[in-house]
Amino acid sequence: MQVHETAFIISTYRSYHEEISQDFYSKLWNNDATEALIPEILESVSQDEAVLHSLRNRFFYEQLSTFFKKNNGGTLINFGSGFSMYQFALDKNVTTIEIDKKDIITYKKEKVEYWTKLGKLPDRDIQYISIDFNTCSVEEVTNIIKPLVKKQPTFILLEGVLFFLNKETSLKLFRIFNTLQNKGDRIGSVSYLPEIENTEVYKRLLHYFDSNNDTNDSFNHQTIPNSFYGKIKEYTLKNHIDEFELAKIYAKEHSIISKDHILNENMYVLEKL
Ligand SMILES: C[S@@+](CC[C@H](N)C(=O)[O-])C[C@H]1O[C@@H](n2cnc3c(N)ncnc32)[C@H](O)[C@@H]1O
């Protein structure tokens, strides 16, 4: 399993529950290779994964859309953007900066431009940057991104990425965010709580990754306590919810009985002071 494959899988999950995810463009990325992997993941890890990832997308879609409507546009800076498609669901007055590893960015840019030409995607102002978070410096990333931010305010998204990074890289990213943002700007972040490490479902996830390990693409298994977000002194926590609670709002028909039986991710929205 390579990290970019996880981006395809998540996008496919969103396409399975469009009414929950509100992502009506994710199905453009669907492909046979990814669809062949999904039944085994749902079977061996958790049947709820597709709904949970759709809930995560719904939460950030609502957050982004409210923020940019209130501010009459702005810039979405998506770190580890994978195949997320928020920019096409948001109004045209939102500019997007997509940041990911080179292979994802090259492929996404080419496909998006092609689908836009065909009229399958609405025209949007999108910039694409390839960066490896593990090797870049704060100055390097700031110097690349700052000149590209033409519309204030900014909303930075770090969705489905922290799990794959180590602590040092994660702290570096939050330093980058601080140099890029101004008062009132926001960060949306997702992570697992350390408590999940004791659950059977999380052990099954790690087992799945271990048994499908690709030696060329190693990644971490990071969990993060709530206190991490409280300690970022330049920001205040505006919103915190987990997927278990989101299911009660947006997926009532899917009976998710217990937090301990699902890969329950936590969503955080921070505002710069
Ligand atoms: C699970 S996907 C999530 C994609 C998207 N944010 C979403 O929620 O649909 C993780 C993404 O993080 C990117 N990523 C992981 N490690 C990275 C790194 N060191 N540098 C840049 N991107 C990275 C991967 O390439 C992948 O697109």
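Six bridges join strand β5 (residues 186-191) to strand β7, and the two run antiparallel. Within this pairing, S191 of the predicted model stands opposite N266 in β7. On β7 there is a further partner to consider: strand β6 (residues 235-242) is joined to β7 by 7 bridges, again in the antiparallel sense. Here Y235 stands opposite K272 in β7. Strand β7 itself, which covers residues 266-272, is mostly covered, with 6 of its 7 residues buried.

A second set of pairings is centred on strand β1 (residues 74-79), and its direction is parallel. Strand β1 pairs with strand β2 (residues 94-100) in the parallel sense over 6 bridges, and F79 has I99 as its bridge partner in β2. Strand β1 also pairs with strand β4 (residues 154-158), once more in the parallel sense, over 4 bridges. In that pairing N78 stands opposite L157 in β4. Like β7, strand β1 is mostly covered: 6 of its 6 residues are buried. As a general reminder for reading these strands, side chains in a regular strand alternate between the two faces of the sheet.

Taking the chain as a whole, the secondary structure comes to 11 helices and 7 strands. The radius of gyration is 18 Å, close to the 19 Å that the globule rule gives for 273 residues, so the chain is as compact as a globular protein of that length. Along the principal axes, the C-alpha trace spans about 45 × 45 × 40 Å. Of the 273 residues, 39% count as buried. Contacts between residues far apart in sequence are well represented here: among contacts with a separation of 6 or more, 77% involve residues 24 or more positions apart.

The interior can be followed through the largest nonpolar core, which has 57 residues. Those with the most contacts inside this core are L55, L64, F79, I156 and L158. Helix α4 (residues 49-70) contributes the largest share of the core, 9 residues. One of the residues just named, L64, is found in helix α4 and offers a convenient place to look more closely. L64 is buried, because 23 other C-beta atoms lie within 10 Å and the cut-off for a buried residue is 20 or more. Leaving aside neighbours within four places in sequence, L64 is in contact with L76, Y86, L90 and F155. For one of these partners, L90, the separation is 26 residues in sequence and 7.9 Å in space, C-alpha to C-alpha.

Attention can now turn to the ligand. Around the ligand there are 21 residues, of which A7, G80, G82, F133 and G160 come nearest. Helix α1 (residues 3-16) supplies the largest share of this shell, 6 residues. By class, the shell has 8 nonpolar, 9 polar and 4 charged residues.

Several backbone details also deserve a look. The peptide bond from Q152 to P153 is cis, with omega near 0 degrees, and P153 is found in the loop between α7 (138-145) and β4. Two residues that are not glycines have a positive phi. One of them is Q22, with a phi of about 60 degrees, which lies in the loop between α2 (18-21) and α3 (32-44). Q22 counts as partly exposed, because it has 17 C-beta neighbours inside 10 Å. The other is N72, also with a positive phi of about 60 degrees, placed in the loop between α4 and β1. With 11 C-beta neighbours inside 10 Å, N72 counts as exposed, since the cut-off for an exposed residue is 12 or fewer.

A last residue to visit is N178, which has its place in helix α8 (residues 167-180). N178 counts as partly exposed, with 17 C-beta neighbours inside 10 Å. The C-alpha atoms of N178 and T142 are separated by 9.8 Å, while along the chain these residues are 36 residues apart.

Methods. Residues numbered from 1 in each chain as written. Predicted model: local features only at pLDDT ≥ 70, side-chain atom pairs only at ≥ 80, totals over all residues. Rg over C-alpha atoms; globule rule 2.2 N^0.38 Å. Contact = placed C-beta atoms within 7 Å. Near = placed C-beta within 6 Å. Nonpolar A, V, L, I, M, F, W, Y, C, P; charged D, E, K, R; others polar. Core = buried A, V, L, I, M, F, W, Y, C linked by C-beta atoms within 7 Å. Pairing = 2+ DSSP bridges.
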